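Student: I've got a model open and want to go through its contacts with you. Can we start with ring interactions?
Tutor: Sure, put it up.

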Amino acid sequence: MKIAVLASIIVFCIWLAYEIRKYNKKNKKILDSFWEKENKANNTRAKSLDGLNYIEIPETVYKAIPSPVPAHLEDCARLLEHLKESRIVNLSHISNTDLKLKYGAANLDTLSEYDQNYITLLRILQTLSEYHLDKGNMETTRMLLEFAVSIQSDNISTYKMLAKIYCDSGEETKLDYLISAASLLPGLTKPPILRFLKEMRPEDTNPEESILDILD
């Protein structure tokens with residue numbers, strides 16, 4: 001009996017050692033591949049940024065800042081004014097290594113700034129949407145939320161608020177447009193957004209148009 005137990009322990013130890021070696025070997029390959037790619041990225045020359053998908057803020061968004069500006073919206077107003085003179089690009093789901101490979105290492109700081117401007121814009125849109133919703137300004141709220149969706153916001157609150165507006169106004173079929181937009185999101189919030197929208201959608205709706213049609 002003792003021999004059998006000892007043999008089992010020995011077999012387990014051999015198997016465990018094998019699995020550890022296999023894991024370390026696989027992990028080394030992953031690390032080697034990463035550093036090879038990173039080194040290549042760091043030596044990539046700067047390329048033109050003209051082809052980036054720059055976001056233009058509509059004048060209607062600037063007009064959504066109330067006058068006089070409430071104290072809790074002063075930061076929004078200041079940041080939105082700053083964005084008027086800034087470049088904005090959604091790069092949130094592209095790694096720094098891939099950015100360097102595509103546009104050159106020297107452009108990384110500039111690209112990071114563009115992406116930070118995008119994140120700032122989404123926060124402003126959400127804050128303003130909540131303000132106007134609280135004030136009962138439904139058309140302004142709707143405009144802000146639809147713009148956020150059109151530039152690929154992945155904020156689940158944006159979709160929830162806009163979906164409720166559509167349902168309250170008897171436009172349940174437009175949930176399909178939101179589903180189409182959310183299906184293109186690359187981030188981790190995509191599944192819960194889609195799940196929420198599909199649960200709200202009436203059974204008899206049928207998606208026929210793209211998300212851009214709701215912005216006409």
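Student: Which residue has its charged end over the ring of tyrosine 54?
Tutor: Arginine 87 does, 4.4 Å from the ring centre. The test is NZ of Lys or CZ of Arg within 6 Å of the ring centre and within 35 degrees of the ring normal. Keep in mind that this is a predicted model: local features need pLDDT of at least 70, side-chain atom pairs count only at pLDDT 80 or more, and totals for chains, interfaces and linings use all residues. Residues are numbered from 1 along each chain as its sequence is written, and side-chain values use heavy atoms, with hydrogens and water left out.

Student: What lies over the face of phenylalanine 196?
Tutor: Lysine 160, at 5.4 Å from the ring centre.

Student: How many aromatic pairs are there in the whole structure?
Tutor: The search finds one. Tyrosine 54 and tyrosine 114 make an edge-to-face pair, 5.8 Å centre to centre with 70° between the planes. Rings of Phe, Tyr and Trp (its six-membered ring) pair if their centres lie within 6.5 Å; planes under 30 degrees apart are stacked, over 60 edge-to-face, the rest tilted.

Student: Where do the two tyrosines of the pair sit in the chain?
Tutor: In distant parts, 60 residues apart. Tyrosine 54 is in the loop between helix 1 (2-42) and helix 2 (59-62), and tyrosine 114 is in helix 5 (residues 108-134). Helices (H or I, at least four residues) and strands (E, at least two) are DSSP runs, numbered from the N terminus.

Student: Is tyrosine 114 buried or exposed?
Tutor: Tyrosine 114 counts as buried because its relative accessibility is 11%. The cut-offs are under 20% relative accessible area for buried, over 50% for exposed and partly exposed in between (1.4 Å probe, protein chains only).

Student: Zooming out, how many helices and strands does the protein have?
Tutor: Nine helices and zero strands. Of its 216 residues, 36% count as buried.

Student: What share of the contacts with a separation of 6 or more comes from residues 24 or more positions apart?
Tutor: That share is 72%. Contact means heavy atoms within 4.5 Å.

Student: Core next. Which residues touch the most other members of the largest nonpolar core?
Tutor: Ile57, Leu80, Leu121, Leu125 and Ile151, out of 22 residues. Such a core is a set of buried Ala, Val, Leu, Ile, Met, Phe, Trp, Tyr and Cys residues joined through side-chain atoms within 4.5 Å.

Student: Which helix gives the most to this core?
Tutor: Helix 5, with seven residues. Another core, of 18 residues, lies apart from it, with Val149, Tyr159, Ala182 and Leu194 among them.

Student: What does leucine 125 touch?
Tutor: Leaving out residues up to four places away in sequence, Val61, Leu144, Phe147, Ala148 and Ile151.

Student: And histidine 132, buried or exposed?
Tutor: Histidine 132 is at 6% relative accessibility, so it counts as buried. Its place is in helix 5. With the same sequence neighbours left out, histidine 132 touches Ala64, Asn137, Thr140, Thr141 and Leu144.

Student: Over to helix 8. How many of its residues are buried?
Tutor: Seven of its eight, so it's mostly covered. Asp176 is one of the buried residues. The cover includes helix 6, helix 7 and helix 9.

Student: Which residues of helix 9 (residues 190-200) are buried?
Tutor: Ile193, Leu194 and Leu197. They line one face of the helix, because they fall within an arc of 95° seen down its axis. That arc is taken over the directions from the helix axis to the C-beta atoms. An α-helix has 3.6 residues a turn, so residues three or four places apart point the same way.

Student: How far is glycine 187 from serine 92 in space?
Tutor: 8.9 Å, C-alpha to C-alpha, with their positions 95 residues apart in sequence. Glycine 187 sits in the loop between helix 8 and helix 9. It counts as buried, at 15% relative accessibility.

Student: Last thing: what pLDDT does the protein average?
Tutor: It averages 84, and 78% of the residues score at least 70. pLDDT is the predictor's confidence in each residue, from 0 to 100. Over residues 207-216 it is below 50, and that stretch has 14 contacts in the model beyond near neighbours in sequence.
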